Amino acid sequence: MSSLSALGQRLLQLIPVLIGISLVSFLLVQLSPGDPVRLLLGDRATAEAVAHLREQYGLNQPLIAQYFSYLSNVLHGDLGHSIRYQMPVGSLILDFVPPTLFLIAYVVAISVPATVVLAIVSARCRDRWPDHLIRALAILGMTIPVFWLALMMSRFFGVELGWFPVSGYGKGFLEHLHHLFLPAISTATWLVPLLLRNLRAALINETESDYVTASRSKGLGEGYIFRRHVLVNSVLPTLNLLGVMIAFLIGSSIVVEIIYAVPGLGTLMVGAVLGRDYNVIQGLTLFYALASVIVTLTIDILSTTIDPRVKL
Amino acid sequence: MISLSSASARRHFGPGAIEIAAGTAIILTWVVLAVAAPLFSGADPNGIDLIGLLQPPSADHFFGTDHLGRDVFSRVLHAARIDIWMGIAGVIPPLLIGATIGLISGYAGGVIDAVMMRMVDITVAFPFFVLVIAIVGMLGPGLYNYFVALALVGWVSYARLVRAEVLVLKNREFVTAAQALGYGPIVVMVRHILPNTFSSLLVFATTDAVLVLLAGASLGFLGLGVQPPTPEWGAMIADGQPYVVDAWWICFFPGLAATTLGFGFILTSDGLSRVLGR
Amino acid sequence: MHWHRNAAAGIAMTLALLTAPAAASAENLIRVGSPYPTSTLDPMRSSSAGNIEVFGQLYSRLLRRGADGALEPGLAESWGVSADGTVVTLKLRDAKFSDGSPITGADVVFSLLRVRDDKESAYSAPLQQLKDARAEGDKTVVLTLKHPFAPFLGNLEVFNAGIVSKADVEKRGKDAFTKEPVTSGPYIVSEWRPNDRLILKPNANYWRTGFPKNDGAELIEIADANTRVSMMLSGELDATRDVPWSRVSEVQSREGLTLPLEPSTVIYMTLLNETKPPFDDIKVRQAAAYALDVPAITKAMTLGHAKPATTTLPGALDYHASDYPGIPYDPAKAKAMLAESSYKGEELVLLANATGDNDKLSVLIQAQWAAVGIKSRVEKLDRGAWWERIAAGDYHAAPSWWYNETLDPDLAVRWALCGSCGTKSFYTGYNNKKVDELTETAAGELDPSKRAELYRQIQQITTEEVSQIPLYYAPYANAYSERVKGLGMNPMLQWSLEETVFTGE
C-alpha cells in the first residue's frame with residue numbers, strides 16, 4: 001500500500017469520526033442541564049419569553065429531529081447560528097483560532113528544542129549532577145499548579161517588573177510574541193518535563209538495548225550510535241506524546257487563556273459552555289476533532305519519515 | 001523480561017532502590033498523615049472562626065487560617081485523604097483501559113487498529129470541560145462523577161503511548177522469534193510485548209497522577225469537582241487565589257502539599273523504571 | 001536529522017501564517033474590564049448585567065438620570081402628567097439617530113411597544129401598565145396608562161426603554177442589532193467581537209452636544225477577577241468591574257488607582273424554597289434567619305466593605321426602611337423555634353452557583369445553621385444548571401444576589417416579593433395576598449409619603465415572614481485609573497462613559 005493511498009484512506013476514515021463526534025457532542029450538550037435561552041434573556045425574563053424563544057430556535061423539537069437538521073446543515077458546510085450572539089458559528093470560531101494556534105506553536109517552538117537538549121544531556125550524563133538537576137527541575141515544573149504559577153508570573157513579570165503584558169494578544173507578530181510569552185512559558189513549564197521524562201526514559205532504554213550493545217561490539221563510535229540508532233528509535237513515543245499533547249492543548253488551553261485573558265478558543269469554549277450556546281459548543285468540538293486528526297496525521301507521517309518500519 | 005537478559009545483567013539496583021524508598025516514603029508519609037489526620041491536628045478542618053480570619057502561621061495555627069478562619073494545617077492534612085485517592089483512582093482505570101486498547105490496536109493492526117484509533121480521535125477531540133459538565137449534570141456533582149469523566153477521556157494518552165511502543169516492538173527479533181515458535185497473539189502480546197511497555201506506562205502514569213490532581217483544581221473555575229466545604233488541595237488553591245497577596249499561606253501550603261506528593265509519585269516511578277530494567 | 005529541519009520549517013511556516021494582519025486601532029480608547037459578557041446589542045432582548053451596561057451607551061432613553069440620581073430630560077425635553085395620573089405627554093427634542101435620520105414620535109412608540117409586546121422581549125414588566133402609546137406629529141408622544149402608576153416616569157429610564165430606529169429595525173430585522181446597529185446614544189459600535197470585546201466610538205449625531213468627551217471605549221470581557229486586578233495594576237485597563245473584596249485595600253493603596261466603592265442596588269440574600277418542606281413552614285424560615293449572624297457574615301464575606309441587610313429590599317432603593325432593625329442573631333431562639341416546627345433534622349440542599357462568592361457564602365450559612373441543628377449539604381453548580389434547578393423549585397435554599405435596574409422599588413417588589421407577579425417571588429414560591437395587594441396599591445399611590453408607608457409595610461411583612469433571608473448590601477467595587485477623569489457607575493449599572501475625559505498617561 002503506497003503511503004499516498006494510506007493517506008487517502010485515513011482521510012476517508014475521518015468522515016465516520018466526525019459524524020460520531022457530532023452525535024456524541026450533540027447528545028452531551030443537549031442532555032446536560034441548563035437552558036441557553038434563560039441565560040440569554042437574563043434572570044428576570046418571564047416564562048413566556050423563554051418558552052417563545054425556545055420554540056423559535058427549535059429547541060422544543062424532539063432531539064432526533066434537531067440532530068438530523070443539524071447534521072444536514074453541517075454536511076452543507078453550515079455550522080448554524082450561535083444562540084447567544086445570532087451570528088454564524090463558523091466565523092465566530094475562526095475569530096478565536098489565531099491566538100490559540102499561535103500560542104500552541106509558540107509553546108511547541110519553546111518546548112521541543114528544550115526537551116531534546118535537556119533529555120540528551122540528562123541521558124548522557126546519567127546519574128551525574130546535570131542529570132539530577134534536570135530531573136529535579138522537571139519534577140518541580142510538573143508539580144507546580146499551572147494557575148498558581150501563571151498568577152505568580154503575571155504578578156512578578158507583568159505587574160512588578162513590567163516586562164510583559166499580563167493579558168491579551170496584541171497586534172502583529174512581534175506583539176503576539178510579547179503578549180503570549182508568559183502564557184507560553186507557563187504552559188511549557190509543565191509540557192517540557194512531561195516530554196523530557198518520556199524521551200529520557202526512551203533514550204536510556206535504547207542505549208541499553210541489545211542492538212546498541214551489538215553496534216558497540218562492532219566498534220561503532222558512541223556518538224554515531226547515539227545519533228543513528230538511539231535517538232531515532234527514542235523519539236517515536238515522545239513524538240506521539242507530543243501529538244497527544246498538542247491536540248490536548250487545542251481544546252484545553254483554557255486555564256492559561258483565562259488567567260492571561262487571551263481571546264482564544266479556550267475562552268470561547270468556556271463562554272459557550274457556561275452560556276449553553278449549543279451550536280458553538282458543537283462547532284468547536286468538530287473543529288477540535290479536525291485539528292486533532294490533522295495533528296495525529298502529521299505526527300504519523302513524521303513517524304514514518306523517521307522510522308520507515310512504522311506504517312501509516 | 002526475557003528479551004532483555006543481557007541488559008538485566010548490567011542492572012544497577014542501588015540508585016533505583018534508593019529512589020523507590022524515598023518516593024514511597026513520601027507517599028506513605030502522606031498516607032499516614034491523611035489517615036491519622038485528626039491525631040496530628042486537633043482543629044476541625046471545617047471549623048469556621050469568623051473572628052480569626054486570615055491569620056498568618058503561628059504556634060496555634062501552623063499554616064495560618066483561611067478566609068473563613070479555618071485551620072489551614074488541618075485542612076491540608078484532611079485534604080490528603082481525597083487527593084491521594086484522586087491520584088490513584090483517577091489514573092488506574094484510564095491506564096487499564098488505555099493500555100489494553102493500545103496493545104490490541106498496535107498488535108492487530110488493520111481494521112481493528114483503524115477503528116480503535118478513530119475512537120481515540122473522537123475522544124481526543126472532546127473538550128474535557130464539556131464532558132465533565134455533561135456528566136456532572138447528568139449524574140450530579142461530586143468526586144466520583146469526576147472520576148467517570150476522567151476515565152472516559154484519560155485512556156487515550158495510554159492507548160496512544162502503548163500503541164506507539166507496540167508498533168516498534170512488534171518488529172523486534174524477540175517478537176518475531178516468539179511468533180515463529182508458534183505462540184498465539186495473546187501470549188505474544190501479554191508476555192512479550194506488554195512488559196516492555198511498562199516503563200513508559202509507569203513514567204507516564206505517575207506523571208498523569210500529578211496532572212489529574214491539578215486538573216481537579218482547574219475545574220474550580222467552573223465550580224465542578226469536589227463540593228465545598230470538603231477540603232481538597234486544588235479547591236483550596238482556587239479559593240485562596242484572591243488572597244495570594246495578603247494571605248499567601250492559604251494557597252501556598254496546599255500547593256506545597258501537592259508538590260511533595262507529586263514528587264513522591266514521580267520519584268517512585270523513576271526508581272521503578274530503573275529496577276524494571278530501563 | 002532531517003526531521004529536525006522539517007519540524008523547524010513547519011513551525012516557522014505556521015508562525016508566519018498566523019501573523020494576522022494588524023487591525024486598525026483607534027488611539028486613547030478607554031479600556032474597561034468586566035466579567036459580564038455582552039451577548040446582544042438589542043435592548044429588548046436581555047436583562048443580564050453585561051448587556052445592561054452596554055445598552056445605556058448605545059440607546060438614549062426619554063429620560064435620563066443626573067449625577068445625583070434625579071430624573072432629567074433625555075430624548076424628551078419636557079413632559080407633563082395629567083391630573084389623574086394616567087396620561088403622560090412628552091415633547092421630544094430635535095435629535096438624530098447615528099445614521100443621521102431624525103428621532104421621531106413613531107420611533108419612540110415603536111421602541112416602547114416592542115418592549116411591552118414583542119414575544120422575544122425579555123423583560124416587559126417596566127411597561128406593563130402602558131395601555132396605549134401614540135405619536136402626535138413628529139415631536140410629541142402621548143402615553144396612556146391603565147391606571148395611575150407612580151413609578152412610570154422612572155421606568156422610562158430603565159435599560160430596555162432605549163429608543164431604536166423603527167425604519168432600520170423594520171428593514172433589517174435581526175441584523176439591525178448584529179451588524180452596526182443604528183444608535184441614539186453617545187456611542188456607535190466600532191467593532192463587536194462576541195465573547196471578547198465591544199469597541200465603541202463616538203456617535204457624531206448624539207443629541208448632547210460636546211459628548212462623549214473621549215475617542216471611544218473598549219469594553220473587554222475578562223472572566224477571572226485576579227486577572228482584571230493584575231491588568232489594572234499593570235496599566236492594561238483604565239477601569240474594571242468587581243474587584244474581589246480581598247484586593248480592595250491593595251488597589252486603593254496603589255498610586256494612580258482609585259476604588260470608591262460606589263452605592264449599588266445589589267442585595268445578597270438566601271432564597272428559601274417555600275413550595276416544599278421544611279421552608280414552607282414559617283417557623284423553620286424564621287429559625288433559619290435567627291440562626292444567622294448577619295453582621296459577622298457580612299464582615300467575613302466582604303472584609304467590612306458592605307453593610308448588613310435589614311430588609312428584603314436593596315438598601316439603595318427609594319423608600320428603603322432604613323430604620324427597620326431587621327432580624328437579630330439569636331441562636332437560642334432559633335433552636336426553640338425549630339423545636340416547635342415541622343423540621344425533623346433532614347439534610348437540606350444549599351444550592352450555590354459557581355459565580356462570585358456564593359459557594360463561600362453557602363459554607364458560612366451551612367456552618368451557622370448546623371450550630372442550631374439545621375443540617376445541610378452544599379451543592380455547587382454552574383449558573384446554567386443552577387437556574388434550571390431554581391426555576392424548577394428543585395432546592396431548599398440558595399444563597400445568591402440580585403439588583404434592581406431602577407431606584408423605584410416597584411419592579412424590585414414585583415420580582416422578588418410578589419407571588420402573583422409572574423416570577424413567583426424569585427422562584428421561592430413566597431405568596432402573601434396582602435403583599436400582592438400592597439404592591440398594586442403602592443404603585444398606584446402618587447403621594448410619596450404614603451408610598452413610603454406602604455413599602456415599609458411590604459418590607460416589614462416579607463422580612464418578618466422571611467420570604468428570603470436578607471444578608472448584605474454590597475457596593476460596586478469598581479477600580480479606576482487616574483488616566484480617566486469622570487468615570488463612574490450609578491446604582492443602575494450605567495457607566496458615565498460619555499462624561500469621561502481620557503487624560504493619557
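## A buried leucine in chain A

L39(A) is buried in this predicted model, because its relative accessible area is 13%, under the 20% cut-off for that label. The residue belongs to helix α2 of chain A, which covers residues 36–41.

What does L39(A) touch, once residues up to four places away in sequence are set aside? Within chain A, L39(A) touches L274(A), G275(A) and R276(A). From chain C, R383(C) and G384(C) also touch L39(A). If you would like a sense of scale, try finding A202(A): it is 163 residues from L39(A) in sequence, and their C-alpha atoms are 50 Å apart in space.

## Where chain A meets chain C

The contacts of L39(A) lead us to the interface of chains A and C. Here 60 residues of chain A are in contact with 58 residues of chain C. About 5100 Å² of area is buried between these two chains, and carbon and sulfur atoms give 62% of that area. On the chain A side, the residues that lose the most area to chain C are D43(A), R44(A) and Y85(A), which together make up 16% of what that side buries.

Polar and charged pairs can be found here too. The interface of chain A and chain C holds 4 salt bridges. One of them can be located by name: R155(A) pairs with E250(C), with 2.9 Å between the closest N and O atoms. The interface also has 19 residue pairs in polar contact, counting pairs with both residues at pLDDT 80 or more. Which helix gives the most to the side of chain A that touches chain C? That is helix α5 of chain A (residues 89–124), with 9 residues. Sorted by class, this side of chain A has 36 nonpolar, 14 polar and 10 charged residues.

## Where chain C meets chain B

Chain C also touches chain B, with 23 residues from chain C and 21 residues from chain B taking part in the contact. The area buried between them is about 1900 Å², and 63% of it comes from carbon and sulfur atoms. How many salt bridges are there between chain C and chain B? The count is 0, while 3 residue pairs are in polar contact, both residues being at pLDDT 80 or more.

To trace the chain C side of this interface, look for α9 (294–302), α11 (358–372) and β16 (376–381), each of which supplies at least two residues. Of the elements on this side, α11(C) provides the largest share, 7 residues. By class, the side of chain C that touches chain B has 11 nonpolar, 4 polar and 8 charged residues.

## Two domains in chain C

Now for chain C itself. Its domain assignment gives domain 1, made of residues 18–221 and 478–502, and domain 2, made of residues 263–475. The centres of these two domains of chain C, taken over C-alpha atoms, are 32 Å apart. Contact between them involves 25 residues of domain 1 and 18 residues of domain 2.

About 1500 Å² is buried between domain 1 and domain 2 of chain C, with carbon and sulfur atoms giving 63%. In domain 1, A150(C), P491(C) and M492(C) lose the most area to domain 2, together 30% of what that side buries. There are 0 salt bridges between the two domains, but 4 residue pairs are in polar contact, both residues being at pLDDT 80 or more. The elements that give two or more residues to the domain 1 side are α2 (49–58) and α4 (152–155) of chain C. That side has 15 nonpolar, 8 polar and 2 charged residues.

## An enclosed helix in chain C

Why is helix α13 of chain C, residues 409–416, described as largely enclosed by the rest of the structure? The reason is that 8 of its 8 residues are buried. Among them are D410(C), R414(C) and W415(C). At the start of α13(C), a side-chain oxygen of D408(C) comes within 2.9 Å of the backbone nitrogen of D410(C).

## Chain B, built from helices

Chain B has 12 helices and 0 strands. The C-alpha trace of chain B spans about 75 × 45 × 30 Å along its principal axes. Of its 278 residues, 61% count as buried. Among contacts in chain B between residues at least 6 apart in sequence, 76% join residues at least 24 apart.

Methods:
Residues are numbered from 1 along each chain as its sequence is written. Chains are lettered from A and ligands numbered from 1 in the order in which they are written. This is a predicted model: local features need pLDDT of at least 70, side-chain atom pairs count only at pLDDT 80 or more; totals for chains, interfaces and linings use all residues. Side-chain values use heavy atoms; hydrogens and water are left out. Domain bounds come from an automatic or database domain assignment. Contact means heavy atoms within 4.5 Å. Buried area is the accessible area (1.4 Å probe) that two parts lose on being put together, summed over both. A salt bridge is a side-chain nitrogen of Lys or Arg within 4 Å of a carboxyl oxygen of Asp or Glu. A polar contact is a pair of N or O atoms within 3.5 Å; within protein, one must be able to donate a hydrogen and the other to accept it, and residues adjacent in sequence count only if both atoms are side-chain atoms. Helices (H or I, at least four residues) and strands (E, at least two) are DSSP runs, numbered from the N terminus. Ala, Val, Leu, Ile, Met, Phe, Trp, Tyr, Cys and Pro count as nonpolar, Asp, Glu, Lys and Arg as charged, and the others, Gly among them, as polar. Buried means under 20% relative accessible area, exposed over 50%, partly exposed in between (1.4 Å probe, protein chains only).
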